[in-house]
Each structure stands twice: as structure tokens, then as C-alpha cells.
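Welcome, and please have your viewer ready. We will go from one aromatic ring to the next, with a stop or two for charged side chains.

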Amino acid sequence: MNYKNKKVAVALSGGVDSAVTALLLKNQGCEVLGITGLMVEDRDTPAFIAGAKKVADAIGIEHFVLDLTCDFKNEVIEYFNNSYKKAQTPNPCGVCNKKIKWGRIFDYAINELGCDYFATGHYADINCHNGVYRLERAACDNKDQLYFLFDLTQEQLAKTLFPLGKYSSKDEIRQIAAKNNLPNKSNKDSQGICFIKKPLSVKKYLLNTLKVTRGKFVNIKTGEVVGKHDGYFQYTIGQRRGIGVSDTYPLYVCDINPEENTVYVGYEQDTYSSELKANKVNWQQSEFKDKEFKALAKIRYNTEAKPCRVLPDKEGFRVLFDEPVFAIAKGQICVIYDEDNSFLICGGRIV
């Protein structure tokens with residue numbers, strides 16, 4: 001499709017991916033503007049805004065700053081904190097995409113600035129098949145980000161562009177940035193959780209945020225108390241390192257009871273399960289929601305999608321894996337792909 005003369009807003013973070021996204025769209029003849037969402041206010045804020053502005057000026061596009069600190073705190077940070085209180089594993093990037101990027105920023109771009117499209121530097125692709133938009137894998141396999149985009153609706157997909165989806169490597173993007181002398185051409189990829197900054201770790205953040213109360217480690221098979229801990233919220237399902245309890249074989253976190261402040265531990269085989277249930281489901285491909293089907297399911301971003309059967313129900317869906325999978329965690333996202341692992345069908349939160 002030709003996007004020449006279309007008005008496109010780019011979520012401009014100051015990073016290389018969003019900068020190249022804006023540059024590519026401008027080179028296609030689009031009327032491009034950049035929107036930088038201010039998520040947290042801290043010592044790095046002035047430099048962050050200045051960096052994004054510098055990128056916009058280098059490309060020659062108008063730049064807007066949207067103060068989203070209140071929304072981000074209420075929708076993302078509180079969700080993150082509450083998930084750990086409930087002994088669940090949060091996915092803040094997925095919530096940020098739904099509530100902030102394709103929430104406040106998308107609405108501001110389309111409804112207030114009158115843009116035709118909203119674009120980001122995500123590595124994904126969108127194609128329309130018989131009037132239905134489909135979120136498809138990017139050419140760059142190791143940067144594919146469909147997992148975090150499961151909550152996008154058909155209406156949002158119709159107005160979203162992912163220009164980086166056609167590129168096969170991050171090196172290509174960096175080369176484009178260098179060739180065009182973009183000011184952030186040498187920036188490293190961002191890692192970790194954006195509102196927990198070094199030297200603070202997730203564990204230290206949680207200890208500072210949630211009340212520390214001593215609890216028990218219990219063997220999941222025998223019921224024996226095998227140690228003490230300083231708060232169940234420091235542990236996640238499948239965790240092995242940093243438990244502080246020894247045994248003949250390595251121990252893993254198998255289950256957590258927040259009401260009793262109890263962490264259940266066991267051996268690696270005790271962490272495997274053959275099924276899960278998910279609710280709060282978004283069906284991007286609605287033709288699948290009324291029938292059982294074979295698919296691939298991914299239960300966290302950095303794992304391989306596994307063969308399974310998906311059984312939709314009134315609450316969401318049930319997944320039956322062909323083989324048991326490691327460490328299914330409540331609160332985490334389960335995303336369903338087609339059998340060929342080429343497009344996203346749906347996703348929901350594990351219960």
C-alpha cells in the first residue's frame with residue numbers, strides 16, 4: 001500500500017528503532033510527526049525529552065510531548081505492584097502497549113492530531129486477508145515482538161504501521177541510522193523494566209515497595225518446612241537461583257500462596273505442566289474463538305512456542321500441550337500462534 005501524503009504519528013522514544021521508523025516513513029513521502037510519551041518523571045527526564053527532540057529535529061519532523069505519568073503510574077506501575085502482591089508474574093510491556101501506546105498515544109494521534117496512521121519501532125508485520133487484519137511475524141526472527149502486541153484490536157491494526165517488520169536484522173536498522181547520521185545511531189538497546197533503573201534491581205524495588213514479612217519455604221511433595229524467606233513476592237514460578245535453600249538436587253519455585261506467605265519448592269520435574277487456562281482474552285482472529293484447534297502457544301516472551309490444542313470457552317481458552325512445559329506462571333501472558341508460527345491468533349492472561 002502507498003502511504004505517500006498520509007499523516008503518520010510515530011511513537012518517538014529517542015531510540016534507534018523509533019528514529020529509523022520515522023525516517024523511513026518520511027522518505028516514503030508521509031507527513032510524519034513524532035510523539036514522545038513521558039512515562040516517569042525522574043533525574044533522566046530532561047535528557048530523555050531532549051534526546052527525542054534532537055532526533056525529531058535531525059529528521060525534520062514536528063515533535064510533541066505527551067505527559068502520561070499519571071496514566072502510566074495507575075495503569076502500569078500499579079498493575080506491576082499488584083501482580084506481585086497476588087503472587088502473579090506481570091507483563092508490564094503488554095499492559096503499556098494496550099493502555100498507553102495504543103491507548104492514550106494512539107487516541108491522541110488519531111483523534112486529536114488527525115493522523116491517518118500510528119507507527120512504532122516494533123518488529124512485527126501487518127497484512128490484510130479478505131478484510132481481516134493479521135499480525136504476522138517480522139523478517140527479523142530474533143527481534144519478533146508479536147507476543148507483546150496480542151491486545152491490539154482490528155480497528156487498531158487497521159491504523160497501525162510497523163515499517164521495521166520487513167528488515168531481517170537489527171544491524172540493517174543501525175546501518176540506516178549511521179548512513180543518515182541520526183544522533184542516536186550508537187545507542188544501545190534498552191533492557192529491563194523502564195521504571196526500575198540501575199542500580200535498583202527488581203528485587204530491591206519490590207523490597208522497597210511491598211511490606212517485608214518473613215514466611216516459609218515448603219517442599220511441595222512432602223509438606224516439610226525447608227527454610228525461611230523475607231517475602232513471597234521476591235520469587236517467581238520456575239526460579240532456581242537466589243532461593244537460598246539447599247537440597248540434594250537444585251530446588252525450583254513450584255507454587256506461591258500469597259495469603260499464607262508460603263513459597264513451595266521442588267525439583268525441576270515438579271515445575272512442568274501439560275495445560276493452562278487463560279482469561280481476559282483478545283481474539284485478533286475471531287474465526288478461531290468458537291472451535292477447538294491446533295496451534296502453537298508461548299507462555300513467556302523468551303521461550304519457544306510449543307505445539308498444543310486450544311479449547312475456547314466462555315472465560316477465554318484452555319491449552320493442552322502436546323508435551324509438558326516448564327514453569328507456567330499465573331498472571332503471565334499466553335499467546336497463541338497458528339501451527340506454522342507465522343501469525344498471531346489471540347492472547348490472554350494465565351489463571
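Rings of Phe, Tyr and Trp count as a pair if their centres lie within 6.5 Å. Keep in mind as you look around that this is a predicted model.

Start by selecting Phe72, Phe80, Tyr84, Phe195 and Tyr205, which ring pairs link into a cluster. Across the model, the count comes to 21 aromatic pairs.

Now zoom in on two members of that cluster, Phe195 and Tyr205. Their ring centres are 5.9 Å apart and their planes meet at 65°; planes over 60 degrees apart count as edge-to-face, so this pair is edge-to-face. Show the backbone too: Phe195 lies in the loop between helix 6 (170-179) and helix 7 (202-209), while Tyr205 is in helix 7, so the pair ties together parts that are ten residues apart in sequence.

Are these two rings' residues, Phe195 and Tyr205, buried or exposed? Under 20% relative accessible area means buried. Phe195 has 13% relative accessibility and therefore counts as buried; Tyr205, at 11%, counts as buried as well.

Next, select Phe288 and Phe293. They form another edge-to-face pair, with 4.9 Å from centre to centre and 65° between the planes. Both of these residues are buried.

Stay with Phe288 and add Lys291 to your selection. The charged end of Lys291 sits over the Phe288 ring, 5.4 Å from its centre.

For the last stop, pick Arg134 and Phe343. Here Arg134 lies over the face of Phe343, at 4.1 Å from the ring centre.

Note on methods
Residues numbered from 1 in each chain as written. Predicted model: local features only at pLDDT ≥ 70, side-chain atom pairs only at ≥ 80, totals over all residues. Heavy atoms only, no water. Phe/Tyr/Trp six-rings, centres within 6.5 Å; stacked < 30°, edge-to-face > 60°. Helix = DSSP H or I, 4+ residues; strand = E, 2+ residues; numbered from the N terminus. Buried < 20%, exposed > 50% of the residue type's maximum accessible area, 1.4 Å probe, protein only. Lys NZ or Arg CZ within 6 Å of the ring centre and 35° of its normal.
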